[in-house]
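Thank you all for coming; I would like to take a few minutes to walk through one model with you. Please have a look at it first, and then we will go through the rings, the strands and the charged pairs in turn.

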Amino acid sequence: MFSTFPYKAIKYQFSSDLPLITLTGIGFQNITDHSYSWHNLHRHDKHCLIQYCISGQGVLTINNSTYTITAGKAFLLNIPSNSHYYLPQNSTHWKFIYLEFSPEVLPLLCKIYNKLGPVISLANYPSLLTQIANFYTKALNNKLQSVFINTKLAYNFWIDLLTYNLAYDANNLTKTDIAKNFLEQNFANSNLNIDTIAEQIGYSKYHLCKTFHKQFGISPMKYLQNLRISTACKLLINNPTWTIKKIAYHVGYNNDDYFCKVFKNLKGITPNTFRKQSIHYDTLQTIYDFSATKKIHLCNHISVFLYSI
């Protein structure tokens, strides 16, 4: 499908008052130089990246987790983030096509991230590959300069990608997926601990911590803590008459003083200050914070309000 395409990189820049999802860049490359390396923590260009491997292999690292990207697989990233992708020494080449989207796509990216992680397989979804090829063909023929045509194609692609995500067969869930689901369903239980979670899936707690961190880039108990505090943010905004003690109880803390301490450590402010300032928060930014802390701190500040999208 991609074999006849020329190697090229194309950029787009749109000016619009509307928060539209747009394709901002696309390219087709065959990397053979082992100096190819992108460290993304301090990059100034802000976008969401999908990079699909056609042949060869590359490596992606996020925090302390490493993923090998082989033919048929794609990785998803928010940039900037604490991530790094490169051509490893044991690979002769890495042929791929990449798509860069505007930051407005971030809540959708995080939806996929939270379920499948940063690496997904597209080999069995030819319709998605056809859309990627269509993007590139139109780019080569200068047919994506219109913001509305560009946005329509971008939305269609992400909706189909989400459909693939939602149709993910539950039989393919790993035990760490099951552990994550268990945490999400039981985070309000103040007695929840690593031994309970490990017993639930039949792992030792040491093996659980190792596999959970490898798959999701965060420890189970840190994930639990982030989930509780993110939910508390939502409750603080949506329930202005609730006391801090009541909110603490609803997210799994019997001691409201300890809850306030954990909250301040994560957010840098107290729950009361967060509540007073929440009216000034940017909606998209708040959501990003909620989704990102659930995965691997890949997102910096996201909003709870739109997480239900």
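Let me begin with a term: rings of Phe, Tyr and Trp, the last by its six-membered ring, are called a pair if their centres lie within 6.5 Å, and the pair is stacked if the planes are under 30 degrees apart, edge-to-face if they are over 60, and tilted for the rest. In that sense, ring pairs join Phe2, Phe5, Tyr7, Phe28, Tyr52 and Tyr136 into a cluster.

Before going further, I should say that this is a predicted model, in which local features need pLDDT of at least 70 and side-chain atom pairs count only at pLDDT 80 or more, while totals for chains, interfaces and linings use all residues. Residues are numbered from 1 along each chain as its sequence is written, and side-chain values use heavy atoms, with hydrogens and water left out.

Now the overall picture. The chain has eleven helices and nine strands, where helices (H or I, at least four residues) and strands (E, at least two) are DSSP runs numbered from the N terminus. Of the 309 residues in the chain, 49% are buried; by buried I mean under 20% relative accessible area, by exposed over 50%, and by partly exposed anything in between, with a 1.4 Å probe and protein chains only. The chain exposes about 15100 Å², and carbon and sulfur atoms supply 52% of that area, computed by the Shrake-Rupley method with a 1.4 Å probe, where for residues only the protein chains shown count as cover. If we take contacts, meaning heavy atoms within 4.5 Å, and keep those with a separation of 6 or more, then residues 24 or more positions apart account for 70% of them.

Let me turn to strand β8. Why can we call β8 largely enclosed by the rest of the structure? Seven of the eight residues in this strand, which covers residues 94-101, are buried, so the rest of the structure largely encloses it. As for its neighbours, two strands are said to pair if DSSP finds at least two bridges between them. Strand β2 (residues 23-31) runs antiparallel to β8 and is joined to it by eight bridges, with Ile31 standing opposite Trp94. Strand β4 (residues 47-62) is likewise antiparallel to β8, and eight bridges join these two strands; here Gln51 has Tyr98 as its bridge partner.

Strand β4 also has β7 as a partner, since four bridges join them in the antiparallel sense, and Val59 stands opposite Tyr86 of β7. Strand β7 (residues 83-86) in turn pairs with strand β3 (residues 37-39), again antiparallel, over three bridges, and in that pairing Trp38 is matched with Tyr85.

Back to the aromatic rings. The structure holds 26 aromatic pairs. One of them is formed by Phe101 and Trp158, which meet edge-to-face, at 5.5 Å centre to centre and with 85 degrees between the planes. This pair links distant parts of the chain, 57 residues apart, with Phe101 in β8 and Trp158 in helix α3 (residues 147-166). Both Phe101 and Trp158 are buried.

Some rings also have a charge sitting over them, by which I mean that NZ of Lys or CZ of Arg is within 6 Å of the ring centre and within 35 degrees of the ring normal. The charged end of Lys246 lies over the ring of Trp242, 4.3 Å from its centre, and that of Arg228 lies over the ring of Tyr253, 5.3 Å from its centre.

Finally, the salt bridges, each a side-chain nitrogen of Lys or Arg within 4 Å of a carboxyl oxygen of Asp or Glu. There are four in the structure. Among them, Lys11 and Glu100 meet at 2.7 Å, N to O, and connect distant parts of the chain, Lys11 in strand β1 (residues 8-11) and Glu100 in β8, 89 residues apart. Lys11 counts as exposed because its relative accessibility is 56%, whereas Glu100, at 7%, counts as buried.

Which residues form a salt bridge within helix α4 (residues 175-186), about one helical turn apart? They are Lys180 and Glu184, which are four residues apart in that helix, and their side chains meet at 3.2 Å, N to O. Lys180 is buried at 5%, while Glu184, at 25%, is partly exposed.
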